[in-house]
Amino acid sequence: MSINILAIESSCDETSASVCSDGKILSNIIATQAVHEKYGGVVPELASRAHLQNIVPVVHQALDVAAINMQELDAIAFTQAPGLIGSLLVGAQYAKSIALSLNKPLIAVHHMQAHVLANLIGDNIPSFPFLCLTVSGGHTQIVLAHSPLNLEVIGQTIDDAAGEAFDKSAKMLGLPYPGGPLIDKYAAEGNPKAFTFAQPQINNLDFSFSGLKTSVLYFLQKHSEEFKQENRDDLCASIQYTIIQILLKKLDKAVAQTGVKQICLAGGVSANKGLRKALQEMGVKKGWKTFIPPFEYCTDNAGMIAITAYYKYLDNQFEDLGVTPQARAVW
Ligand code: KG4
Ligand code: ZN
């Protein structure tokens, strides 16, 4: 008998549902909310409303693609934290309703744990222990994974996340939100050594991106709009290069401290072509084995919630129907 799990992710501006069977992802449907684009960032109230509109069709599509019907499900999982509270409530409430009506167990999943465990989807997966650099719009962490349910955060940002560093820099360059993918695109045509921006001097495994942000701001204030436009590609390449340097220097330090040489990437910023290439090159140079999940499992998605829920199911980690989502949550 297979273990079939339906998982729902609604922590920010992606409404997603996935069905997995014995840890194999059968479907991963993601509805991205375009409504936020014109506001230059995610508007929480609009995100909650869009989740309400999307959640039923997204869940039905996930079941259809997986060719699994509701009665065949063994558990329902949802993202409990962290995220926008109004968005989390929609996913949590819908998951509870299904669990109640089917009389099936409910599994609550931590979004950041799920980003790490996205690396366990598919056939080419790391063995334990591994290190994971999780880089998203809200988080930047180095996680030491001892086992699927025993993850230790050994470094994290003390201010902005890597994705914010991309998006805020892009905004200063006059690029639309979210600017990360655009910086990636223009950087491919530019010279990463054209301009130099600040890198933090922090001794432990923590990150900081506020100095970089300020240094980009001061640099751009000294130059004209024409300069920005004429040097767009070089500016993007130099900013991206600095962010990648900040990330990989800390990762190198984490490897030296832990002795763990299996390295994974997770979170939306792991879609960045420059970062993927730099990590792979560093892996070859340093003798690391590197893993990067397929793009659809890097940005917010329910597939990663499903795989995490599968391990929680095997460990009998269920919740009662009184469980509530949390905007902020420690591991
Ligand atoms: O993990 P994610 O989808 O959502 C959060 O949980 O935050 O990450 C979104 C972040 C955004 O900041 C976005 O600009 C960034 O990932 N991002 C990228 C790229 N694709 C997405 N940053 C740089 N290069 C990319 N190709
Ligand atoms: Zn995320």
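Is H111 buried or exposed? That was my opening query on this predicted model, and the answer is that H111 is buried, at a relative accessible area of 5%.

**Entry 1: the zinc site**

I went to H111 for the metal. The zinc ion (ligand 2) is coordinated by H111 through NE2, by H115 through NE2 and by D300 through OD, at 2.1 to 2.2 Å. I then looked up the spacing of these donors along the chain, and it reads H-x3-H-x184-D.

Which helix holds the two histidines? H111 and H115 both sit in helix 3 (residues 111-117), 4 residues apart, or about one turn of the helix. A note to self on why that spacing suits a shared target: an α-helix has 3.6 residues a turn, so residues three or four places apart point the same way. I checked the second histidine for exposure too, and H115 counts as buried because its relative accessibility is 0%, under the 20% cut-off.

Next came the geometry. The site of the zinc ion (ligand 2) has 4 donor atoms with angles of 93 to 144 degrees among them, and is classed as irregular. The reason is easy to trace: four donors count as tetrahedral only if all angles lie between 85 and 135 degrees, and the angles here run up to 144 degrees.

**Entry 2: the sheet 3-2-1-4-5**

I traced the sheets next. Here 5 strands form an open sheet in the order 3-2-1-4-5, with mixed pairing. Strand 3 (24-32) and strand 5 stand at the edges with a single partner strand each, so one side of each has no neighbour in the sheet. From one strand to the next, the twist averages 20 degrees.

What packs on this sheet? Helix 10 (residues 302-314) does, touching strand 1, strand 2, strand 3, strand 4 and strand 5, and its direction makes about 135 degrees with that of strand 1. I also found helix 1 (residues 44-66) lying across strand 1, strand 2 (14-21) and strand 3, at about 25 degrees to strand 2.

I took a longer look at strand 4 (residues 75-81), which is mostly covered: 7 of its 7 residues are buried. Strand 4 pairs in the parallel sense with strand 1 (residues 4-9) over 4 bridges, and I5 stands opposite A75 there. Strand 4 is also joined to strand 5 (residues 106-110) by 5 bridges, again running parallel; T79 stands opposite V109 in that pair.

**Entry 3: S87**

I picked out S87, which is found in helix 2 (residues 85-102). S87 is buried, with a relative accessible area of 0%. What does S87 touch, leaving aside its neighbours within four places in sequence? I listed S10, S11, C12, A47, S48 and H51 as its contacts.

**Entry 4: the sheet 8-7-6-9-10**

Another 5 strands form an open sheet in the order 8-7-6-9-10, and the pairing is mixed. Its edge strands are strand 8 (150-156) and strand 10 (289-291), each pairing on one side only. Neighbouring strands in this sheet are turned by 25 degrees against each other on average, direction ignored.

I followed strand 9 (residues 262-266) to strand 10: the two run parallel and are joined by 3 bridges. Q262 has K289 as its bridge partner in strand 10. Helix 8 packs on this sheet, in touch with strand 6 (130-135), strand 7 (140-147), strand 8 and strand 9, and its direction makes about 160 degrees with that of strand 6.

**Entry 5: helix 8 and what follows**

Does the length of helix 8 (residues 232-258) agree or disagree with its residue count? At 1.5 Å a residue, its 27 residues should span 39 Å, and the end C-alpha atoms are 39 Å apart, which agrees. Helix 8 is followed by G259, whose phi is positive, near 75 degrees.

I moved on to V260, placed in the loop between helix 8 and strand 9. V260 counts as buried because its relative accessibility is 9%, under 20%. Leaving aside neighbours within four places in sequence, I found V260 in contact with P129, F130, L131, L144 and V255. I also checked V260 against W288: they are 28 residues apart in sequence and 8.7 Å apart in space, C-alpha to C-alpha.

Technical notes:
Residues numbered from 1 in each chain as written. Chains lettered and ligands numbered in written order. Predicted model: local features only at pLDDT ≥ 70, side-chain atom pairs only at ≥ 80, totals over all residues. Heavy atoms only, no water. Donors = N, O, S within 2.8 Å, 3.2 Å for Na, K, Ca; no water. Tetrahedral: all angles 85-135°; square planar, octahedral: opposite > 155°, others 65-115°. Buried < 20%, exposed > 50% of the residue type's maximum accessible area, 1.4 Å probe, protein only. Expected span 1.5 Å × (residues − 1). Pairing = 2+ DSSP bridges. Axes fitted to C-alpha atoms, helices over the stretch in contact; angles between N-to-C directions. Contact = heavy atoms within 4.5 Å.
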